[in-house]
Amino acid sequence: MTEKNNNQEEQNELKNSEEMASEETTEKAEQVLIEKEEVVEASELEEEFEDDLEDFSDEELEEEPKSKLAKYMGPILYSLLGIMIVAALIFTYYVFPFFSKVSGEWTGSSASGTFKIVNKGKDSEFRFVDMNGTKGLDLIFESNLSRKGVNQYDVTNTKVKLSLSKKDISKENIEAMKKETKLVKVEKETAKEVILSYTKEGIKSSFGDTKLNDLFHYQLSDINWMLKGETLVLKNQVFANPLLDFQRK
């Protein structure tokens, strides 16, 4: 009986020893796994850090030229915009013959006599000063300017008038002309002058079948660096023969 008990105790001790050994082996295996996991995690973190560092460096390299480019893009764009605006203004000036470009007073002369043009907006007055050498007698054509092309102008609604200076023309001659009611009529009279406008019969008697609007064709030329025309060329077979240059006064 005693021997049997001793065998039982030995078996229990052996079993306990095996269990303890198994537990120690399990613990060591778990420890090894934990250490391996920590090594793997550390390696992964190191790789992620290196990747982030490389990405950061790449971004810095990319941002540096971008920032330099952005620094110069502003002035470049503004310069291009300025050039485009100036070019558009010059193009507009040459293509669209605004009436303001020919506004003001212009003077010219030929073998026929002295002429003066006064433009205000669309209103244009062509004056034959001292017509046929008669001092104080001016032949006046009043018209509306119309755009024909690049710095070219025609006229419409042309009317013909006479200006008689009371200072230079005798009262008798003025009264005699005022009585030519079939040819002219008094439009205006002041202390200094009398304005006579031509009737249809008077226009036909003086100009025949000529259309008054066809007498005047203008071309603005000699454009200077300030985009201002200095010469207004009149194309006219009656007074200009065939061209007459007017200078801005």
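**Exercise 1. Accessibility of Phe207**

Determine whether Phe207 counts as buried or exposed in this model.

*Solution.* The relative accessible area of Phe207 is 17% in this structure, which is a predicted model. The cut-off for a buried residue is under 20% relative accessible area. Phe207 therefore counts as buried, its value of 17% being under that limit.

**Exercise 2. Architecture of the protein**

State how many helices and strands the protein has, and in which pattern they follow one another along the sequence.

*Solution.* Begin with the inventory, which gives three helices and 10 strands. Reading along the sequence then yields the pattern α-β-β-β-β-β-α-β-β-α-β-β-β. For the overall exposure, take the 249 residues of the protein, of which 26% count as buried, and add the accessible surface of about 17700 Å², of which 54% belongs to carbon and sulfur atoms. As a last step, consider the contacts with a separation of 6 or more: residues 24 or more positions apart account for 43% of them.

**Exercise 3. Aromatic pairs**

Find how many aromatic pairs there are, and classify the pair of Phe126 and Phe216 by its geometry.

*Solution.* The count comes to nine aromatic pairs. For the rings of Phe126 and Phe216, the centres lie 5.0 Å apart and the planes stand at 55 degrees. Planes under 30 degrees apart would count as stacked and planes over 60 as edge-to-face, so the pair of Phe126 and Phe216 is tilted. Next, place the two residues in the chain: Phe126 belongs to strand S3 (residues 123–129), whereas Phe216 sits in the loop between helix H3 (200–207) and strand S8 (217–223), and the pair thereby links distant parts of the chain, 90 residues apart. Both Phe126 and Phe216 are buried.

A second pair, Phe141 with Phe207, can be treated in the same steps, and its values are 5.8 Å from centre to centre and 65 degrees between the planes, which makes the pair edge-to-face. Here strand S4 (residues 137–149) supplies Phe141 and helix H3 supplies Phe207, with their positions 66 residues apart in the sequence. Phe141 has a relative accessibility of 1% and so counts as buried. To finish, collect the residues into a cluster: Phe126, Phe216, Phe141 and Phe207 are among the members of one aromatic cluster, which also includes Phe115, Phe128, Tyr198 and Phe246.

**Exercise 4. Salt bridges**

Give the number of salt bridges in the structure, and work out where the partners Glu105 and Lys249 lie in the chain.

*Solution.* The structure holds eight salt bridges. In the one between Glu105 and Lys249, the closest N and O atoms are 3.3 Å apart. Glu105 lies in strand S1 (residues 104–110) and Lys249 in the segment after strand S10 (243–248), so this salt bridge ties together parts that are 144 residues apart in sequence. The partners can also be sorted by accessibility, since Glu105 is partly exposed at 26%, while Lys249 counts as exposed at 69%.

Turning to Glu125 and Arg127, their salt bridge has its closest N and O atoms 3.2 Å apart. Glu125, at 19% relative accessibility, counts as buried, and Arg127, at 16%, counts as buried too.

The remaining step concerns helix H2. The salt bridge of Glu175 with Lys178 has its closest N and O atoms 3.4 Å apart, and because these residues are three places apart in helix H2 (residues 171–178), about one helical turn separates them. Glu175 is partly exposed, at 31% relative accessibility. Glu175 and Lys178 are also linked with Lys166 and Glu189 in a network of salt bridges.

**Exercise 5. The largest pocket**

Identify which residues line the largest pocket and which strands each supply at least two of them.

*Solution.* The largest pocket has a volume of about 190 Å³. Its lining consists of Val118, Lys120, Asp123, Ser124, Glu125, Glu142, Ser143, Asn144, Asn157 and Lys159. Assigning the lining to elements shows that strand S2 (113–120), S3, S4 and strand S5 (152–165) each supply at least two residues. Glu125, one of these lining residues, is the partner of Arg127 in the salt bridge of Exercise 4.

**Exercise 6. The surroundings of Met177**

Establish which residues Met177 touches, not counting residues up to four places away in sequence.

*Solution.* Met177 has its place in helix H2 and counts as partly exposed at 26% relative accessibility. With the sequence neighbours set aside, Met177 touches Leu137, Leu162, Leu164, Val184 and Leu196. For Leu196, the C-alpha to C-alpha distance to Met177 is 8.8 Å, with a sequence separation of 19 residues.

Notes:
Residues numbered from 1 in each chain as written. Predicted model: local features only at pLDDT ≥ 70, side-chain atom pairs only at ≥ 80, totals over all residues. Heavy atoms only, no water. Helix = DSSP H or I, 4+ residues; strand = E, 2+ residues; numbered from the N terminus. Buried < 20%, exposed > 50% of the residue type's maximum accessible area, 1.4 Å probe, protein only. Contact = heavy atoms within 4.5 Å. Areas by Shrake-Rupley, 256 points an atom, 1.4 Å probe, with all protein chains shown as cover. Phe/Tyr/Trp six-rings, centres within 6.5 Å; stacked < 30°, edge-to-face > 60°. Salt bridge = Lys/Arg side-chain N within 4 Å of Asp/Glu carboxyl O. 1 Å grid on protein atoms, 1.4 Å probe; cavity = no way out; pocket = protein on both sides within 12 Å on 5 of 7 lines; lining within 4 Å. Points joined across faces, edges and corners; volume = space filled by probe spheres on them.
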